[in-house]
Amino acid sequence: EYRRQGLAEKVLRQVIEDTRKQGRKGIVLTCKDKLVKYYEKFGFVNEGISESSHGGAVWYDMKLKF
(Lines give C-alpha, C1' and ligand atoms only; values in the text may rest on other atoms or scores of the structure.)
Protein backbone atom coordinates (compact mmCIF):
# COMPACT_ATOMS: atom_id res chain seq x y z
CA GLU A 1 0.00 0.00 0.00
CA TYR A 2 2.88 2.39 0.75
CA ARG A 3 5.13 1.40 -2.17
CA ARG A 4 5.84 3.69 -5.12
CA GLN A 5 4.91 6.87 -3.24
CA GLY A 6 8.43 8.24 -2.83
CA LEU A 7 8.38 7.81 0.93
CA ALA A 8 11.88 6.29 1.14
CA GLU A 9 13.24 9.19 -0.87
CA LYS A 10 11.58 11.72 1.43
CA VAL A 11 12.99 10.03 4.52
CA LEU A 12 16.48 9.79 3.04
CA ARG A 13 16.47 13.43 1.95
CA GLN A 14 15.41 14.44 5.47
CA VAL A 15 18.19 12.32 7.02
CA ILE A 16 20.73 13.96 4.69
CA GLU A 17 19.45 17.44 5.54
CA ASP A 18 19.40 16.76 9.30
CA THR A 19 22.90 15.28 9.16
CA ARG A 20 24.24 18.36 7.38
CA LYS A 21 22.58 20.68 9.89
CA GLN A 22 24.28 18.75 12.69
CA GLY A 23 27.64 19.64 11.16
CA ARG A 24 28.61 16.08 10.43
CA LYS A 25 31.11 15.22 7.68
CA GLY A 26 28.83 12.81 5.87
CA ILE A 27 26.90 9.55 6.02
CA VAL A 28 28.06 5.95 5.72
CA LEU A 29 25.70 3.06 5.06
CA THR A 30 25.71 -0.48 3.73
CA CYS A 31 23.28 -1.84 1.18
CA LYS A 32 22.74 -4.78 -1.10
CA ASP A 33 23.72 -4.66 -4.78
CA LYS A 34 20.20 -3.87 -5.99
CA LEU A 35 20.19 -0.56 -4.06
CA VAL A 36 23.63 0.77 -5.05
CA LYS A 37 22.25 2.81 -7.98
CA TYR A 38 19.41 4.11 -5.81
CA TYR A 39 21.80 5.57 -3.24
CA GLU A 40 24.09 6.91 -5.96
CA LYS A 41 21.18 9.14 -7.07
CA PHE A 42 21.58 10.96 -3.75
CA GLY A 43 25.35 11.40 -4.12
CA PHE A 44 26.52 8.33 -2.23
CA VAL A 45 29.68 6.74 -3.62
CA ASN A 46 30.08 2.97 -3.78
CA GLU A 47 33.28 2.09 -1.92
CA GLY A 48 33.06 -1.60 -2.77
CA ILE A 49 32.10 -4.75 -0.98
CA SER A 50 31.75 -4.35 2.77
CA GLU A 51 33.37 -6.55 5.37
CA SER A 52 29.88 -7.05 6.82
CA SER A 53 28.60 -10.59 6.61
CA HIS A 54 25.18 -10.00 8.14
CA GLY A 55 22.66 -12.59 7.04
CA GLY A 56 25.21 -14.20 4.74
CA ALA A 57 24.51 -11.49 2.13
CA VAL A 58 26.96 -9.41 0.11
CA TRP A 59 26.85 -5.80 1.29
CA TYR A 60 28.32 -2.66 -0.26
CA ASP A 61 29.77 0.29 1.63
CA MET A 62 28.27 3.60 0.49
CA LYS A 63 29.57 7.01 1.56
CA LEU A 64 28.17 10.51 1.18
CA LYS A 65 30.65 13.28 2.04
CA PHE A 66 29.63 16.85 2.71
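**Aromatic rings**

I began with the rings and found 3 aromatic pairs in this structure, which is a predicted model. I described each pair in the usual way, by the distance of the centres and the angle of the planes.

Tyr38 and Tyr39 came up as one pair, with ring centres 5.5 Å apart and 75° between the planes, and I noted this pair as edge-to-face. Next I asked how Tyr39 and Phe44 are arranged. Their centres are 5.7 Å apart and their planes stand at 70°, so I wrote down edge-to-face here too.

Then I looked up how covered these residues are. Tyr38 is partly exposed, at a relative accessible area of 23%. Tyr39 has 17% and is buried; the cut-off for buried is under 20%. Phe44 is buried, as is Tyr39. Following the ring pairs along, I got a cluster made of Tyr38, Tyr39, Phe42 and Phe44.

**The chain as a whole**

I stepped back to see the layout. I counted 2 helices and 3 strands, and from the N terminus they run α-β-α-β-β. The C-alpha trace spans about 35 × 35 × 20 Å along its principal axes.

How much of the chain is buried? I noted 23% of its 66 residues. The exposed surface of the chain comes to about 5400 Å², and carbon and sulfur atoms supply 49% of that. I also checked contacts between residues with a separation of 6 or more: 54% of them join residues 24 or more positions apart.

**Helix 1**

I checked the length of helix 1, residues 7–21, first. Its 15 residues, at 1.5 Å each, should span 21 Å, and I found the end C-alpha atoms 21 Å apart, which agrees.

Which residues of helix 1 are buried? My list reads Leu12, Ile16 and Thr19. They cover an arc of only 65° around the axis, which puts them on the same side of the helix. This fits the textbook picture: an α-helix has 3.6 residues a turn, so residues three or four places apart point the same way.

On the face turned away from that buried side I noted the exposed residues Lys10, Val11 and Lys21. I then asked what covers the buried residues of helix 1. The cover includes strand 1 (26–31), helix 2 (36–40) and strand 3 (60–65).

**Either side of helix 1**

I looked for positive phi angles around this helix. Arg4, in the segment before helix 1, has a positive phi of about 65° although it is not a glycine. Arg4 is also exposed, at 87% relative accessibility. Just after helix 1, Gly23 takes a positive phi of about 80°.

Lys25 sits in the loop between helix 1 and strand 1. I read a relative accessible area of 77% for Lys25, which means it is exposed. I compared its position with that of Ala8: the two are 17 residues apart in sequence, and their C-alpha atoms are 22 Å apart in space. What does Lys25 contact, leaving aside neighbours within four places in sequence? I wrote down Leu64, Lys65 and Phe66.

**Strand 1 and its partner**

Strand 1 has two faces to tell apart. Ile27, Leu29 and Cys31 make up the covered face, while Gly26, Val28 and Thr30 make up the uncovered one. In which sense do strand 1 and strand 3 pair? I found them antiparallel, joined over 6 bridges. Within that neighbourhood I picked out Thr30, which stands opposite Asp61 in strand 3.

**Ser50**

My last stop was Ser50, in the loop between strand 2 (45–49) and strand 3. Is this loop residue buried or exposed? Ser50 has 12% relative accessibility and so counts as buried. Not counting residues up to four places away in sequence, I found Ser50 touching Thr30, Trp59, Tyr60 and Asp61. Two of these names were already in my notes: Thr30 and Asp61 are the residues that stand opposite each other.

Methods: Residues numbered from 1 in each chain as written. Predicted model: local features only at pLDDT ≥ 70, side-chain atom pairs only at ≥ 80, totals over all residues. Heavy atoms only, no water. Phe/Tyr/Trp six-rings, centres within 6.5 Å; stacked < 30°, edge-to-face > 60°. Buried < 20%, exposed > 50% of the residue type's maximum accessible area, 1.4 Å probe, protein only. Helix = DSSP H or I, 4+ residues; strand = E, 2+ residues; numbered from the N terminus. Expected span 1.5 Å × (residues − 1). Arc of directions from axis to C-beta. Contact = heavy atoms within 4.5 Å. Pairing = 2+ DSSP bridges. Areas by Shrake-Rupley, 256 points an atom, 1.4 Å probe, with all protein chains shown as cover.
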